[in-house]
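Biologist: I would like to go through this model one point at a time. Please give the reasoning first and the value or name last.

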Amino acid sequence: MKRLLFVFLCFFGAGVVRAQESALVGAYGVRVYFRQASSTLDLSLDGNGACLESVLDTLRHLRRDTLCTIRSVRIAAGTSPEGRSDYNKRLSQERAASVASWLRERISLPDTLLRLDARGVDWAGLTAVVDSS
């Protein structure tokens, strides 16, 4: 049975730079799902492949835009509440690293841009899923 777990990819600080001034244009976020107790990225699960391809398309578009600078790409990962806290923390770290590795294999991003946020149990994400059902 698959459990909700997400990796939230967010492009912070994609800004427009003119005359040494910058303004935050926005952030872009997606959810990526993993099977229960797994950090293996499954592109066929719940549209993960299409979702991650759209992330790549967005990153490529932003990098081509000469008026735009990507300041960071945050990969936040969490787990469902089953299991011990230390296990869930480690699993969320592995999931964030799995998505980061997938991105690095497909697009050149300096390590300084990638920010991995391993949250352990994702109570906020679980609450949002329950509220939307």
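Biologist: Is I107 buried or exposed, and what is its relative accessible area?

Modeller: This is a predicted model, so the values below are computed from it. I107 is found in the loop between α2 and β7. Buried means under 20% relative accessible area. I107 meets that cut-off and is therefore buried, with a relative accessible area of 8%.

Biologist: Which residues is I107 in contact with, leaving aside its neighbours within four places in sequence?

Modeller: One partner can be introduced by distance: R60 is 47 residues from I107 along the chain, and their C-alpha atoms are separated by 8.0 Å. Beyond the neighbours within four places in sequence, the contacts of I107 are L56, L59, R60 and R63.

Biologist: How far apart are the end C-alpha atoms of helix α1, and what span should its residues give?

Modeller: Helix α1 covers residues 48-64, which makes 17 residues. At 1.5 Å a residue it should span 24 Å. The end C-alpha atoms agree with that, being apart by 24 Å.

Biologist: Which residues of α1 are buried?

Modeller: An α-helix has 3.6 residues a turn, so residues three or four places apart point the same way. In α1 the buried set includes L52, V55, L56, L59 and L62. The others in that set are N48, G49 and C51.

Biologist: Which element supplies the largest share of the largest nonpolar core?

Modeller: In soluble globular proteins, nonpolar side chains tend to be buried together. The largest nonpolar core here has 24 residues, and L41, L59, I75, V99 and L103 touch the most other members. At least two residues of this core come from each of α1, β6 (72-79) and α2 (85-106). The largest share is six residues, and the element that supplies it is α1.

Biologist: How many of the residues of β6 are buried?

Modeller: Strand β6 has eight residues and is largely enclosed by the rest of the structure. R74 has its place in this strand, but at 21% relative accessibility R74 counts as partly exposed. The number of buried residues in β6 is seven.

Biologist: How far apart in space are R74 and G29, C-alpha to C-alpha?

Modeller: R74 lies in strand β6. In sequence, R74 and G29 are 45 residues apart. In space, C-alpha to C-alpha, the distance is 9.2 Å.

Biologist: Which strand is joined to β6 by six bridges, and how do the two run?

Modeller: The partner covers residues 114-121. Within the pair, A76 stands opposite D117, and A77 stands opposite A118. The two strands run parallel, and the partner of β6 is β7.

Biologist: What is the handedness of the β-α-β crossover from β6 to β7?

Modeller: Six bridges join β6 to β7 in parallel. Between these strands the chain passes through α2, and the crossover is right-handed.

Biologist: What span should α2 have, and which of its residues are buried?

Modeller: At 1.5 Å a residue, the 22 residues of α2 should span 32 Å, and the end C-alpha atoms are 32 Å apart, which agrees. Buried residues in α2 include N88, S92, R95 and S98. The rest of the buried set is L91, A96, V99, A100, W102 and L103.

Biologist: Which residues in the loop between β4 and α1 have a positive phi although they are not glycine?

Modeller: Most residues other than glycine have a negative phi, and most peptide bonds are trans. The loop between β4 (29-30) and α1 holds A37, whose phi is about 60 degrees. The loop also holds a residue with a phi of about 45 degrees, and this residue is partly exposed with a relative accessible area of 40%. The two residues are A37 and D46.

Biologist: How far is the C-alpha atom of E82 from that of A37?

Modeller: E82 is found in the loop between β6 and α2, and at 33% relative accessibility E82 counts as partly exposed. Along the chain, E82 and A37 are 45 residues apart. Their C-alpha atoms are separated by 9.0 Å.

Biologist: Which pattern does the protein follow along the sequence?

Modeller: The protein has three helices and seven strands. Read along the sequence, their order is β-β-β-β-α-β-β-α-β-α.

Conventions. Residues are numbered from 1 along each chain as its sequence is written. This is a predicted model: local features need pLDDT of at least 70, side-chain atom pairs count only at pLDDT 80 or more; totals for chains, interfaces and linings use all residues. Side-chain values use heavy atoms; hydrogens and water are left out. Helices (H or I, at least four residues) and strands (E, at least two) are DSSP runs, numbered from the N terminus. The expected span of a helix is 1.5 Å times one less than its number of residues. Buried means under 20% relative accessible area, exposed over 50%, partly exposed in between (1.4 Å probe, protein chains only). A nonpolar core is a set of buried Ala, Val, Leu, Ile, Met, Phe, Trp, Tyr and Cys residues joined through side-chain atoms within 4.5 Å. Two strands pair if DSSP finds at least two bridges between them. A crossover is right-handed if, with the strands pointing away from the viewer, the path from the first strand over the helix to the second runs clockwise. Contact means heavy atoms within 4.5 Å.
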